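Work through the exercises below with the coordinates open. Try each task before you read its solution.

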Amino acid sequence: MPTSFDIPSRCALCPRRCGADRAAGQAGYCGAAGTLKVARAALHFWEEPCISGARGSGTVFFSGCALKCCYCQNYPISAESFGREITVERLAEIFLELQSQGAHNINLVTPGQWQPWIIAALDKARADGLRLPIVCNTGGYETAESVARWQGYIDIWLADLKYVSPALSAQLSAAPDYFAAAKTAIEAMMAQAGRPVCDAEGMMQRGVILRHLALPGHIDDSFAVLDQMAAWNDADPGCFIPSLMSQYTPFYKAKEAGIGRRITTYEYRRVVNYAVDKGLGAGYMQQRSSAKEEYTPAFDLSGV
């Protein structure tokens, strides 16, 4: 028997609040309509060590995205709606299959536009034996209301803080309100999840990992992002784990937006040094060699 849940008739799941009648099959700004769509489900080994571990993170990539950044490495699913339509019941099965494969957790990548569907699937999967921590892997562009609705479902927030500048977020993600929305949402995530907790194997069970991807030519905005992260850490030391990424690769429409190159060693070193000076050294830093295409999964409907 199909699982029942409410499909939005005036969608307001993300800060764009586009009002799409998804119950009638209308797609929102994010590209998501009324039927759940997934692009890939597999063990993933390229997240932070406390997420991927030795056995991998059970990662489900959802189609659509509220941001659709012009440089998105996952643009076939975020901007071009690649994926397969599946039922809530099938998604619950996928969660259990990933658990049986030895996944350390279930990692939901850009799940916000499918929140009602995923909550229904998690309820079913838990009733059938799902016991893993659930990770919400998000670009940070969320509403406080959406974060609140994840209460009791999300254990770990793996969230980006991409920008502070409204002009830069408008240019690269068509979202001048990005920082205002993300700041509110991330504070709600930290309040909800509490301080980071890891098990005896060093695998994260609860808490927030806060990521920032340094962009070429925009180091000053990275400094502003790190100022905000430092302010949170100064107010409550250790309230999140910082993760500073150098893996920017000029995908999709990056060249048209004026960021058609990778970050230089000098630029990234400046960002890392600034983070350390701000007291954010107790986290993750990438090698600049991480800016490679092989870090981007092939979206071939594996596991779906």
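UniProt positions follow the numbering used here, and its annotations may be inferred rather than shown by experiment. The model itself is predicted.

**Exercise 1. Which residues does UniProt mark as "binding site", and where does C65 lie?**

Step 1. Read the record. The unreviewed UniProt entry places the feature "binding site" at C65, C69 and C72.

Step 2. Locate C65. Its loop runs between strand 2 (57–62) and helix 2 (75–78).

Step 3. List the contacts of C65, leaving out residues up to four places away in sequence. C65 touches Y29, C30, S78, T110 and Q113.

**Exercise 2. Decide for C65 and for C69: buried or exposed?**

Step 1. Take the cut-off. Buried means under 20% relative accessible area.

Step 2. Apply it to C65. Its relative accessible area is 13%, so C65 is buried.

Step 3. Apply it to C69. Its relative accessibility is 5%, so C69 is buried.

Step 4. Place C69. It is found in the loop between strand 2 and helix 2. Beyond four places in sequence, C69 touches K162, Y163, L172, S173 and Y252.

**Exercise 3. Describe the surroundings of G83.**

Step 1. Find the element. G83 sits in the loop between helix 2 and strand 3 (84–85).

Step 2. Classify its exposure. At 23% relative accessibility, G83 is partly exposed.

Step 3. Collect its contacts, again skipping residues up to four places away. They are K37, V38, A39, S63 and L301.

Step 4. Check one distance. G83 and A41 are 42 residues apart in sequence, and their C-alpha atoms are 11 Å apart in space.

**Exercise 4. How many salt bridges are there, and which parts does the pair E145 and R17 tie together?**

Step 1. Recall the principle. Side chains of opposite charge can pair when their charged atoms come close.

Step 2. Set the cut-off. A side-chain nitrogen of Lys or Arg must lie within 4 Å of a carboxyl oxygen of Asp or Glu. The count comes to twelve salt bridges.

Step 3. Test the pair. The closest N and O atoms of E145 and R17 are 3.4 Å apart, which makes a salt bridge.

Step 4. Map it. E145 lies in helix 5 (residues 144–149) and R17 in the segment before strand 1 (37–44), so the pair ties together parts 128 residues apart in sequence.

Step 5. Add exposure. E145 is partly exposed at 44%, and R17 is partly exposed at 45%.

**Exercise 5. What is the N to O distance between R261 and E267?**

Step 1. Read the distance. The side chains meet in a salt bridge at 2.9 Å, N to O.

Step 2. Classify each partner. R261 is partly exposed at 38%, whereas E267 is buried at 11%.

Definitions and conventions: Residues are numbered from 1 along each chain as its sequence is written. This is a predicted model: local features need pLDDT of at least 70, side-chain atom pairs count only at pLDDT 80 or more; totals for chains, interfaces and linings use all residues. Side-chain values use heavy atoms; hydrogens and water are left out. Helices (H or I, at least four residues) and strands (E, at least two) are DSSP runs, numbered from the N terminus. Buried means under 20% relative accessible area, exposed over 50%, partly exposed in between (1.4 Å probe, protein chains only). Contact means heavy atoms within 4.5 Å.
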